[in-house]
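Please read the following walk through this protein with the sequence and the model open side by side. The text takes the strands, then a helix, then the ligand site, and ends with individual residues.

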Amino acid sequence: MSETSFKLVNETTHESVELPLIRGSIGPTAIDIGRLYKETGNFTYDPGFVSTASCRSAITYIDGEAGVLMYRGYPIEELAKQSSFLEVAYLLLHGNLPSVSELEIFETEVGRHTMIHDSMRHFLRGFHYDAHPMAMLSASIASLSAFYHDEINIEDPDARRLAAIRLIAKMPTIAAACYRYSIGWPMRFPHNNLDYCTRFLHMMYEVPSEPLELNPIATKALELLFILHADHEQNASTSTVRLVGSTGANPYASIAAGIAALWGPAHGGANEAVLKMLEEIGDPANVSKAVARAKDKESGFRLMGFGHRVYKNFDPRAKILRDMCHQVLGELGVDDPLLNVAMKLEEVALNDEYFIERKLYPNVDFYSGIIYKALNIPANMFTVMFSIARTAGWIAHWIEHHETPGARIGRPRQIYTGSVRRAYTPIELR
Ligand code: ACO
(Lines give C-alpha, C1' and ligand atoms only; values in the text may rest on other atoms or scores of the structure.)
Protein backbone atom coordinates (compact mmCIF):
# COMPACT_ATOMS: atom_id res chain seq x y z
CA MET A 1 0.00 0.00 0.00
CA SER A 2 1.45 3.37 -0.98
CA GLU A 3 1.45 6.36 1.36
CA THR A 4 -1.26 7.93 -0.74
CA SER A 5 -3.87 5.23 -0.27
CA PHE A 6 -5.81 3.37 2.38
CA LYS A 7 -6.59 -0.34 2.05
CA LEU A 8 -9.97 -1.68 3.16
CA VAL A 9 -10.27 -5.46 3.47
CA ASN A 10 -13.49 -7.45 3.71
CA GLU A 11 -12.67 -10.07 6.36
CA THR A 12 -15.22 -12.55 4.99
CA THR A 13 -14.48 -12.47 1.27
CA HIS A 14 -10.87 -11.22 1.63
CA GLU A 15 -11.60 -8.80 -1.18
CA SER A 16 -9.84 -5.50 -0.79
CA VAL A 17 -10.00 -2.01 -2.20
CA GLU A 18 -7.36 0.70 -2.15
CA LEU A 19 -8.77 4.16 -1.62
CA PRO A 20 -6.86 7.38 -2.25
CA LEU A 21 -5.99 9.66 0.64
CA ILE A 22 -6.62 13.39 0.51
CA ARG A 23 -4.53 15.84 2.50
CA GLY A 24 -5.48 19.40 3.18
CA SER A 25 -2.92 22.09 4.02
CA ILE A 26 -3.40 21.22 7.72
CA GLY A 27 -5.66 18.87 9.68
CA PRO A 28 -6.55 15.17 9.46
CA THR A 29 -6.06 13.15 6.28
CA ALA A 30 -9.28 11.99 4.60
CA ILE A 31 -9.99 8.69 2.87
CA ASP A 32 -11.63 9.38 -0.49
CA ILE A 33 -14.52 6.91 -0.55
CA GLY A 34 -16.13 8.37 -3.71
CA ARG A 35 -15.69 5.14 -5.73
CA LEU A 36 -16.33 2.70 -2.84
CA TYR A 37 -19.91 1.90 -3.83
CA LYS A 38 -19.04 1.45 -7.49
CA GLU A 39 -16.15 -0.90 -6.67
CA THR A 40 -17.53 -2.85 -3.71
CA GLY A 41 -21.30 -2.24 -3.59
CA ASN A 42 -20.95 -0.90 -0.02
CA PHE A 43 -21.96 2.41 1.48
CA THR A 44 -20.24 4.03 4.45
CA TYR A 45 -22.35 4.92 7.51
CA ASP A 46 -21.70 8.05 9.56
CA PRO A 47 -24.87 9.61 10.97
CA GLY A 48 -24.17 13.11 12.21
CA PHE A 49 -21.08 13.29 9.93
CA VAL A 50 -18.71 12.70 12.85
CA SER A 51 -15.89 11.38 10.61
CA THR A 52 -16.99 12.68 7.24
CA ALA A 53 -15.65 15.68 5.32
CA SER A 54 -18.34 16.86 2.92
CA CYS A 55 -16.20 19.20 0.81
CA ARG A 56 -12.81 20.85 0.37
CA SER A 57 -12.76 24.37 1.73
CA ALA A 58 -10.15 27.12 2.10
CA ILE A 59 -12.27 29.38 4.31
CA THR A 60 -12.14 28.33 7.97
CA TYR A 61 -10.00 25.90 9.94
CA ILE A 62 -10.85 24.43 13.34
CA ASP A 63 -8.70 22.18 15.53
CA GLY A 64 -11.22 21.15 18.14
CA GLU A 65 -8.69 19.32 20.31
CA ALA A 66 -6.38 22.33 20.53
CA GLY A 67 -9.17 24.94 20.65
CA VAL A 68 -7.97 26.66 17.44
CA LEU A 69 -10.17 28.65 15.04
CA MET A 70 -8.79 30.49 12.00
CA TYR A 71 -10.50 32.38 9.18
CA ARG A 72 -8.41 32.17 5.98
CA GLY A 73 -5.37 31.35 8.13
CA TYR A 74 -5.77 34.20 10.63
CA PRO A 75 -6.31 33.16 14.28
CA ILE A 76 -9.69 34.32 15.60
CA GLU A 77 -7.99 36.02 18.57
CA GLU A 78 -6.07 38.38 16.23
CA LEU A 79 -9.10 39.17 14.10
CA ALA A 80 -11.19 39.78 17.21
CA LYS A 81 -8.60 42.21 18.54
CA GLN A 82 -7.83 44.15 15.36
CA SER A 83 -10.54 43.85 12.72
CA SER A 84 -13.99 45.21 12.07
CA PHE A 85 -16.82 42.88 11.10
CA LEU A 86 -16.89 44.11 7.50
CA GLU A 87 -13.13 43.57 7.24
CA VAL A 88 -13.70 39.98 8.34
CA ALA A 89 -16.62 39.59 5.91
CA TYR A 90 -14.30 40.81 3.11
CA LEU A 91 -11.66 38.32 4.23
CA LEU A 92 -14.13 35.42 4.19
CA LEU A 93 -15.43 36.37 0.75
CA HIS A 94 -12.18 37.31 -0.98
CA GLY A 95 -9.57 35.21 0.84
CA ASN A 96 -7.35 38.15 1.87
CA LEU A 97 -7.56 41.05 4.28
CA PRO A 98 -8.49 44.25 2.42
CA SER A 99 -6.20 47.25 1.97
CA VAL A 100 -7.50 50.59 3.28
CA SER A 101 -8.98 51.50 -0.11
CA GLU A 102 -10.40 48.01 -0.73
CA LEU A 103 -12.17 48.17 2.64
CA GLU A 104 -13.53 51.64 1.89
CA ILE A 105 -14.92 50.44 -1.43
CA PHE A 106 -16.43 47.35 0.21
CA GLU A 107 -18.05 49.43 2.98
CA THR A 108 -19.52 51.76 0.34
CA GLU A 109 -20.79 48.80 -1.69
CA VAL A 110 -22.47 47.30 1.38
CA GLY A 111 -23.86 50.74 2.30
CA ARG A 112 -25.43 51.10 -1.16
CA HIS A 113 -27.46 47.93 -0.67
CA THR A 114 -28.83 48.38 2.85
CA MET A 115 -32.29 49.53 1.74
CA ILE A 116 -35.09 47.06 1.11
CA HIS A 117 -37.91 47.26 -1.40
CA ASP A 118 -40.90 49.03 0.09
CA SER A 119 -43.08 45.99 -0.65
CA MET A 120 -41.07 44.09 1.94
CA ARG A 121 -42.62 46.25 4.64
CA HIS A 122 -46.04 45.12 3.46
CA PHE A 123 -44.78 41.55 3.44
CA LEU A 124 -43.79 41.90 7.13
CA ARG A 125 -47.21 43.30 7.97
CA GLY A 126 -48.70 39.93 7.06
CA PHE A 127 -47.23 38.46 10.25
CA HIS A 128 -49.04 38.43 13.55
CA TYR A 129 -47.35 40.87 15.96
CA ASP A 130 -46.04 38.04 18.18
CA ALA A 131 -44.45 35.99 15.37
CA HIS A 132 -40.96 34.78 16.29
CA PRO A 133 -38.40 37.07 14.57
CA MET A 134 -36.54 34.01 13.24
CA ALA A 135 -39.71 32.99 11.38
CA MET A 136 -40.01 36.52 9.97
CA LEU A 137 -36.31 36.68 9.10
CA SER A 138 -36.14 33.36 7.24
CA ALA A 139 -39.34 34.13 5.31
CA SER A 140 -38.14 37.66 4.46
CA ILE A 141 -34.74 36.48 3.25
CA ALA A 142 -36.37 33.78 1.11
CA SER A 143 -38.69 36.47 -0.26
CA LEU A 144 -35.67 38.48 -1.51
CA SER A 145 -35.47 35.94 -4.33
CA ALA A 146 -38.86 37.21 -5.46
CA PHE A 147 -37.36 40.70 -5.79
CA TYR A 148 -34.08 39.72 -7.46
CA HIS A 149 -34.74 36.30 -8.98
CA ASP A 150 -34.60 37.34 -12.62
CA GLU A 151 -31.17 38.87 -12.15
CA ILE A 152 -29.49 35.84 -10.60
CA ASN A 153 -27.22 33.92 -12.89
CA ILE A 154 -25.38 31.73 -10.42
CA GLU A 155 -22.78 30.87 -13.07
CA ASP A 156 -21.71 34.53 -13.19
CA PRO A 157 -19.08 35.47 -10.53
CA ASP A 158 -20.19 39.13 -10.55
CA ALA A 159 -23.83 38.14 -9.95
CA ARG A 160 -22.75 35.86 -7.10
CA ARG A 161 -20.73 38.65 -5.52
CA LEU A 162 -23.62 41.11 -5.87
CA ALA A 163 -25.92 38.63 -4.10
CA ALA A 164 -23.32 38.34 -1.32
CA ILE A 165 -23.15 42.12 -0.88
CA ARG A 166 -26.95 42.40 -0.92
CA LEU A 167 -27.35 39.74 1.74
CA ILE A 168 -24.67 41.15 4.06
CA ALA A 169 -26.15 44.65 3.58
CA LYS A 170 -29.85 43.87 3.94
CA MET A 171 -29.71 41.34 6.75
CA PRO A 172 -29.41 43.98 9.56
CA THR A 173 -32.13 46.14 7.96
CA ILE A 174 -34.54 43.20 7.81
CA ALA A 175 -33.55 41.92 11.27
CA ALA A 176 -34.19 45.32 12.87
CA ALA A 177 -37.45 45.69 10.93
CA CYS A 178 -38.64 42.31 12.30
CA TYR A 179 -37.85 43.45 15.85
CA ARG A 180 -39.58 46.81 15.47
CA TYR A 181 -42.61 45.18 13.90
CA SER A 182 -42.91 42.87 16.91
CA ILE A 183 -43.01 45.85 19.31
CA GLY A 184 -45.20 48.02 17.08
CA TRP A 185 -42.55 50.56 16.09
CA PRO A 186 -42.27 51.86 12.52
CA MET A 187 -39.27 50.64 10.55
CA ARG A 188 -36.19 52.85 10.74
CA PHE A 189 -34.22 53.30 7.52
CA PRO A 190 -30.44 52.72 7.52
CA HIS A 191 -28.07 55.68 7.96
CA ASN A 192 -25.24 54.91 5.58
CA ASN A 193 -22.88 57.40 7.22
CA LEU A 194 -22.62 54.99 10.19
CA ASP A 195 -20.50 51.87 10.40
CA TYR A 196 -22.20 48.46 10.06
CA CYS A 197 -22.79 47.71 13.76
CA THR A 198 -23.70 51.27 14.80
CA ARG A 199 -26.10 51.44 11.86
CA PHE A 200 -27.78 48.27 13.04
CA LEU A 201 -28.15 49.56 16.62
CA HIS A 202 -29.70 52.76 15.26
CA MET A 203 -32.17 50.77 13.18
CA MET A 204 -33.06 48.77 16.30
CA TYR A 205 -33.44 51.55 18.86
CA GLU A 206 -33.68 55.00 17.28
CA VAL A 207 -37.02 56.77 17.60
CA PRO A 208 -37.98 59.82 15.54
CA SER A 209 -38.63 61.90 18.67
CA GLU A 210 -35.13 61.97 20.19
CA PRO A 211 -31.50 61.24 19.27
CA LEU A 212 -30.09 57.85 20.20
CA GLU A 213 -27.15 57.86 22.60
CA LEU A 214 -25.08 54.73 22.30
CA ASN A 215 -22.41 53.66 24.75
CA PRO A 216 -19.32 52.83 22.60
CA ILE A 217 -19.00 49.51 24.44
CA ALA A 218 -22.29 48.40 22.83
CA THR A 219 -20.88 48.81 19.31
CA LYS A 220 -17.57 47.28 20.36
CA ALA A 221 -19.28 44.22 21.84
CA LEU A 222 -21.52 43.79 18.80
CA GLU A 223 -18.55 44.05 16.43
CA LEU A 224 -16.80 41.34 18.45
CA LEU A 225 -19.86 39.07 18.56
CA PHE A 226 -20.34 39.41 14.80
CA ILE A 227 -16.66 38.62 14.11
CA LEU A 228 -16.72 35.54 16.36
CA HIS A 229 -19.95 34.26 14.77
CA ALA A 230 -19.03 35.07 11.16
CA ASP A 231 -18.03 31.53 10.16
CA HIS A 232 -17.44 28.10 11.62
CA GLU A 233 -16.63 25.72 8.73
CA GLN A 234 -19.14 22.94 7.94
CA ASN A 235 -21.59 23.34 10.85
CA ALA A 236 -25.25 22.34 10.39
CA SER A 237 -26.46 25.64 8.93
CA THR A 238 -23.46 26.13 6.61
CA SER A 239 -23.80 22.53 5.40
CA THR A 240 -27.48 23.27 4.79
CA VAL A 241 -26.59 26.34 2.73
CA ARG A 242 -24.10 24.29 0.71
CA LEU A 243 -26.55 21.42 0.21
CA VAL A 244 -29.40 23.69 -0.89
CA GLY A 245 -26.95 25.68 -3.02
CA SER A 246 -25.73 22.46 -4.65
CA THR A 247 -29.17 22.03 -6.24
CA GLY A 248 -28.67 25.32 -8.09
CA ALA A 249 -31.13 27.13 -5.80
CA ASN A 250 -30.70 30.90 -5.71
CA PRO A 251 -28.57 32.44 -2.91
CA TYR A 252 -31.54 33.94 -1.02
CA ALA A 253 -33.32 30.57 -0.86
CA SER A 254 -30.04 28.93 0.19
CA ILE A 255 -29.39 31.43 3.00
CA ALA A 256 -33.04 31.25 4.16
CA ALA A 257 -32.53 27.48 4.55
CA GLY A 258 -29.38 28.18 6.59
CA ILE A 259 -31.35 30.52 8.87
CA ALA A 260 -33.94 27.78 9.45
CA ALA A 261 -31.17 25.30 10.33
CA LEU A 262 -29.55 27.79 12.70
CA TRP A 263 -32.79 28.24 14.64
CA GLY A 264 -32.64 24.86 16.39
CA PRO A 265 -31.57 24.82 20.07
CA ALA A 266 -28.78 22.32 19.34
CA HIS A 267 -27.23 24.97 17.04
CA GLY A 268 -27.73 28.77 16.96
CA GLY A 269 -30.92 28.65 19.01
CA ALA A 270 -28.77 27.69 21.99
CA ASN A 271 -28.08 31.33 22.95
CA GLU A 272 -31.80 31.93 23.49
CA ALA A 273 -32.07 28.57 25.27
CA VAL A 274 -29.16 29.51 27.59
CA LEU A 275 -31.00 32.57 28.81
CA LYS A 276 -34.23 30.65 29.36
CA MET A 277 -32.27 28.05 31.30
CA LEU A 278 -30.51 30.67 33.47
CA GLU A 279 -33.89 32.27 34.22
CA GLU A 280 -35.33 28.88 35.16
CA ILE A 281 -32.39 28.14 37.48
CA GLY A 282 -32.96 31.63 38.91
CA ASP A 283 -30.47 31.57 41.78
CA PRO A 284 -26.86 30.37 42.22
CA ALA A 285 -28.14 28.16 45.05
CA ASN A 286 -30.09 26.08 42.50
CA VAL A 287 -27.10 25.43 40.22
CA SER A 288 -26.02 22.10 41.75
CA LYS A 289 -29.54 20.74 41.29
CA ALA A 290 -29.54 21.80 37.62
CA VAL A 291 -26.14 20.18 37.04
CA ALA A 292 -27.38 16.94 38.64
CA ARG A 293 -30.43 17.04 36.34
CA ALA A 294 -28.22 17.56 33.27
CA LYS A 295 -26.23 14.45 34.22
CA ASP A 296 -29.38 12.35 34.55
CA LYS A 297 -30.08 10.98 31.06
CA GLU A 298 -33.70 10.23 32.03
CA SER A 299 -34.40 13.93 32.61
CA GLY A 300 -33.89 14.87 28.94
CA PHE A 301 -32.31 18.12 30.22
CA ARG A 302 -28.94 19.36 29.00
CA LEU A 303 -26.94 22.35 30.11
CA MET A 304 -27.51 24.77 27.26
CA GLY A 305 -24.32 26.53 26.19
CA PHE A 306 -22.15 23.55 27.16
CA GLY A 307 -20.51 21.07 24.81
CA HIS A 308 -19.64 21.23 21.15
CA ARG A 309 -19.39 18.67 18.39
CA VAL A 310 -15.94 19.83 17.36
CA TYR A 311 -14.36 21.57 20.37
CA LYS A 312 -13.16 19.09 22.94
CA ASN A 313 -11.29 21.90 24.64
CA PHE A 314 -12.40 25.41 25.54
CA ASP A 315 -14.18 27.04 22.58
CA PRO A 316 -11.70 29.86 21.67
CA ARG A 317 -14.66 32.18 20.96
CA ALA A 318 -16.05 31.53 24.44
CA LYS A 319 -12.70 32.55 25.99
CA ILE A 320 -12.78 35.90 24.17
CA LEU A 321 -16.45 36.49 24.98
CA ARG A 322 -16.02 35.70 28.65
CA ASP A 323 -13.76 38.77 29.00
CA MET A 324 -16.06 40.95 26.91
CA CYS A 325 -19.03 39.83 29.01
CA HIS A 326 -17.44 41.21 32.18
CA GLN A 327 -16.34 44.39 30.39
CA VAL A 328 -19.85 45.08 29.03
CA LEU A 329 -21.57 44.44 32.34
CA GLY A 330 -18.97 46.61 34.13
CA GLU A 331 -19.16 49.56 31.72
CA LEU A 332 -22.92 49.51 31.38
CA GLY A 333 -23.25 49.13 35.14
CA VAL A 334 -25.48 46.10 34.75
CA ASP A 335 -25.84 44.06 37.90
CA ASP A 336 -27.52 41.06 36.39
CA PRO A 337 -28.36 38.27 38.83
CA LEU A 338 -28.35 35.88 35.86
CA LEU A 339 -24.62 36.48 35.48
CA ASN A 340 -24.12 35.18 39.03
CA VAL A 341 -26.10 32.09 38.07
CA ALA A 342 -24.02 31.75 34.89
CA MET A 343 -20.70 32.09 36.74
CA LYS A 344 -21.74 29.55 39.37
CA LEU A 345 -22.89 27.16 36.65
CA GLU A 346 -19.59 27.53 34.82
CA GLU A 347 -17.65 26.87 38.03
CA VAL A 348 -19.68 23.81 39.07
CA ALA A 349 -19.76 22.24 35.59
CA LEU A 350 -16.03 22.80 34.95
CA ASN A 351 -15.20 20.94 38.16
CA ASP A 352 -17.66 18.10 37.73
CA GLU A 353 -16.33 14.68 36.68
CA TYR A 354 -19.21 14.12 34.21
CA PHE A 355 -18.39 17.32 32.29
CA ILE A 356 -14.61 16.87 32.56
CA GLU A 357 -14.73 13.29 31.22
CA ARG A 358 -16.89 14.29 28.23
CA LYS A 359 -14.89 17.47 27.63
CA LEU A 360 -18.01 19.62 27.90
CA TYR A 361 -16.85 23.24 28.13
CA PRO A 362 -18.93 26.42 27.88
CA ASN A 363 -19.41 27.27 24.21
CA VAL A 364 -19.79 30.65 22.48
CA ASP A 365 -23.53 30.73 23.16
CA PHE A 366 -23.05 30.54 26.90
CA TYR A 367 -21.73 34.10 27.01
CA SER A 368 -23.29 35.69 23.94
CA GLY A 369 -26.80 35.61 25.44
CA ILE A 370 -25.67 37.45 28.57
CA ILE A 371 -23.99 40.17 26.48
CA TYR A 372 -27.01 40.55 24.21
CA LYS A 373 -29.26 40.83 27.24
CA ALA A 374 -27.03 43.59 28.66
CA LEU A 375 -27.36 45.41 25.30
CA ASN A 376 -31.17 45.24 25.68
CA ILE A 377 -31.58 42.83 22.83
CA PRO A 378 -34.54 40.59 23.61
CA ALA A 379 -33.96 36.83 23.89
CA ASN A 380 -36.01 35.95 20.81
CA MET A 381 -33.65 38.16 18.75
CA PHE A 382 -30.46 36.33 19.85
CA THR A 383 -30.47 33.83 16.99
CA VAL A 384 -31.36 36.64 14.59
CA MET A 385 -28.16 38.39 15.70
CA PHE A 386 -26.25 35.19 15.05
CA SER A 387 -27.83 35.00 11.56
CA ILE A 388 -26.65 38.53 10.67
CA ALA A 389 -23.05 37.59 11.47
CA ARG A 390 -23.14 34.10 9.95
CA THR A 391 -24.48 35.43 6.64
CA ALA A 392 -20.89 36.41 5.77
CA GLY A 393 -19.72 32.82 6.25
CA TRP A 394 -22.76 31.21 4.63
CA ILE A 395 -22.45 33.25 1.46
CA ALA A 396 -18.66 32.71 1.30
CA HIS A 397 -19.31 28.95 1.41
CA TRP A 398 -22.12 29.22 -1.16
CA ILE A 399 -19.72 31.03 -3.50
CA GLU A 400 -16.91 28.56 -2.82
CA HIS A 401 -19.24 25.68 -3.71
CA HIS A 402 -20.07 27.33 -7.05
CA GLU A 403 -16.39 28.04 -7.73
CA THR A 404 -15.43 24.38 -7.17
CA PRO A 405 -14.81 22.69 -10.52
CA GLY A 406 -17.08 19.68 -10.94
CA ALA A 407 -19.18 20.47 -7.85
CA ARG A 408 -22.14 18.09 -7.73
CA ILE A 409 -25.53 18.07 -6.08
CA GLY A 410 -25.27 16.80 -2.46
CA ARG A 411 -27.18 13.54 -2.25
CA PRO A 412 -26.47 11.32 0.80
CA ARG A 413 -27.47 7.64 0.77
CA GLN A 414 -29.09 5.60 3.56
CA ILE A 415 -29.29 2.21 5.21
CA TYR A 416 -32.87 1.15 4.54
CA THR A 417 -34.45 -0.46 7.62
CA GLY A 418 -38.10 -0.62 6.54
CA SER A 419 -40.19 -3.55 5.34
CA VAL A 420 -38.93 -5.55 2.41
CA ARG A 421 -41.34 -6.15 -0.44
CA ARG A 422 -44.88 -6.82 0.80
CA ALA A 423 -48.01 -7.95 -1.02
CA TYR A 424 -50.56 -5.11 -1.36
CA THR A 425 -53.80 -5.72 0.54
CA PRO A 426 -56.88 -3.99 -0.91
CA ILE A 427 -58.41 -1.54 1.60
CA GLU A 428 -61.59 -3.56 2.20
CA LEU A 429 -59.48 -6.56 3.30
CA ARG A 430 -57.25 -4.65 5.80
N1 ACO B 1 -25.33 18.81 29.04
C2 ACO B 1 -25.23 17.56 29.54
N3 ACO B 1 -24.68 16.50 28.87
C4 ACO B 1 -24.22 16.73 27.64
C5 ACO B 1 -24.28 18.01 27.05
C6 ACO B 1 -24.85 19.07 27.78
N7 ACO B 1 -24.93 20.29 27.27
N8 ACO B 1 -23.74 17.95 25.80
C9 ACO B 1 -23.36 16.69 25.62
N10 ACO B 1 -23.64 15.94 26.73
C11 ACO B 1 -23.28 14.52 26.95
C12 ACO B 1 -24.20 13.60 26.16
O13 ACO B 1 -25.32 13.21 26.92
C14 ACO B 1 -23.28 12.46 25.87
O15 ACO B 1 -23.11 11.70 27.04
P16 ACO B 1 -22.84 10.09 26.97
O17 ACO B 1 -21.51 9.96 26.30
O18 ACO B 1 -22.86 9.64 28.37
O19 ACO B 1 -23.97 9.52 26.13
C20 ACO B 1 -21.93 13.13 25.61
O21 ACO B 1 -21.97 14.34 26.37
C22 ACO B 1 -21.65 13.46 24.14
O23 ACO B 1 -22.78 14.22 23.66
P24 ACO B 1 -23.33 14.14 22.18
O25 ACO B 1 -24.76 14.57 22.18
O26 ACO B 1 -23.01 12.81 21.59
O27 ACO B 1 -22.44 15.22 21.48
P28 ACO B 1 -22.72 15.89 20.08
O29 ACO B 1 -21.38 16.24 19.52
O30 ACO B 1 -23.62 15.07 19.24
O31 ACO B 1 -23.52 17.22 20.46
C32 ACO B 1 -24.05 19.42 21.10
C33 ACO B 1 -22.97 18.49 20.55
C34 ACO B 1 -25.32 19.34 20.26
C35 ACO B 1 -23.52 20.87 21.01
C36 ACO B 1 -24.35 19.07 22.58
O37 ACO B 1 -23.19 19.20 23.36
C38 ACO B 1 -25.50 19.88 23.17
O39 ACO B 1 -26.66 19.50 23.01
N40 ACO B 1 -25.17 21.03 23.85
C41 ACO B 1 -26.19 21.92 24.37
C42 ACO B 1 -26.73 22.79 23.26
C43 ACO B 1 -25.74 23.87 22.82
O44 ACO B 1 -25.16 24.56 23.64
N45 ACO B 1 -25.58 24.02 21.49
C46 ACO B 1 -24.74 25.05 20.92
C47 ACO B 1 -23.60 24.47 20.17
S48 ACO B 1 -22.51 25.77 19.65
C49 ACO B 1 -23.23 26.41 18.27
O50 ACO B 1 -24.00 25.81 17.57
C51 ACO B 1 -22.87 27.78 17.97
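Helices, at least four residues long, and strands, at least two, are DSSP runs numbered from the N terminus. In that numbering, helix α14 covers residues 316-331 and contains R317. The model is a predicted one, and every position discussed below should be read with that in mind.

A convenient place to begin is the sheet at the start of the chain. Three strands make up an open sheet, ordered β1-β2-β3, with antiparallel pairing. Strands β1 (5-9) and β3 (30-31) are the edge strands; each has a single partner strand, so one side of each has no neighbour in the sheet. Between β1 and β2 (residues 16-22), which run antiparallel, there are 5 bridges. Two positions help to fix the register: S5 stands opposite P20 in β2, and K7 stands opposite E18 in β2. The hairpin of β1 and β2 has 6 residues between the strands, and H14 has a positive phi near 65 degrees there.

Further along the chain come β4, β5 and β6. Strand β4 (residues 60-63) is joined to β5 (residues 68-71) by 4 bridges, and the two run antiparallel. Within this pair, I62 has L69 in β5 as its bridge partner. The β4 and β5 hairpin leaves 4 residues between the strands, and G67 takes a positive phi near 70 degrees in it. Strand β5 is also joined to β6 (residues 74-75), by 2 bridges, again in an antiparallel arrangement. Here the bridge partner of M70 is P75 in β6. The β5 and β6 hairpin has 2 residues between its strands.

R72 sits in the loop between β5 and β6. Its phi is near 50 degrees, which is positive although the residue is not glycine. Most residues other than glycine have a negative phi. At 21% relative accessibility, R72 counts as partly exposed, because buried means under 20% and exposed over 50%. A second example is E233, whose phi is near 40 degrees, a positive value in a residue other than glycine. E233 lies in the loop between α9 (216-229) and α10 (236-246). With a relative accessibility of 23%, E233 is likewise partly exposed.

Helix α3 (residues 85-94) is next. This helix is mostly covered, with 9 of its 10 residues buried. Among the buried residues of α3 are F85, E87, Y90 and L93. G95 follows α3 and has a positive phi, near 95 degrees.

The ligand is surrounded by 21 residues, of which R302, L303, G305, F306 and R309 come nearest. By class, that shell holds 11 nonpolar, 5 polar and 5 charged residues. Which residues place N or O atoms at 2.8 Å or 3.0 Å from an oxygen atom of the ligand? In the side chain of R302, an N or O atom is 2.8 Å from a ligand oxygen atom. The corresponding distance for the side chain of K297 is 3.0 Å. G305 contributes through its backbone, where an N or O atom lies 2.8 Å from an oxygen atom of the ligand. On its own the ligand has 930 Å² of accessible area, and the protein covers 75% of this.

Two residues in the later helices remain. The R317 introduced above, in helix α14, has a relative accessibility of 2% and therefore counts as buried, the limit being under 20%. Apart from its neighbours within four places in sequence, R317 is in contact with L69, L228, H232, H308, Y311, V364 and R390. One of these, L69, has already appeared as the bridge partner of I62.

Is S387 buried or exposed? S387, in helix α18 (residues 382-403), is buried, with a relative accessible area of 0%. Beyond the neighbours within four places in sequence, S387 is in contact with M134, L137, M171, I259, L262 and W394. I259 is 128 residues away from S387 along the chain, yet the C-alpha atoms of the two are separated by 6.3 Å.

Key
Residues are numbered from 1 along each chain as its sequence is written. This is a predicted model: local features need pLDDT of at least 70, side-chain atom pairs count only at pLDDT 80 or more; totals for chains, interfaces and linings use all residues. Side-chain values use heavy atoms; hydrogens and water are left out. Two strands pair if DSSP finds at least two bridges between them. A residue is near a molecule or strand if one of its heavy atoms lies within 4 Å of it. A polar contact is a pair of N or O atoms within 3.5 Å; within protein, one must be able to donate a hydrogen and the other to accept it, and residues adjacent in sequence count only if both atoms are side-chain atoms. Accessible areas come from the Shrake-Rupley method with a 1.4 Å probe; for residues, only the protein chains shown count as cover. Ala, Val, Leu, Ile, Met, Phe, Trp, Tyr, Cys and Pro count as nonpolar, Asp, Glu, Lys and Arg as charged, and the others, Gly among them, as polar. Buried means under 20% relative accessible area, exposed over 50%, partly exposed in between (1.4 Å probe, protein chains only). Contact means heavy atoms within 4.5 Å.
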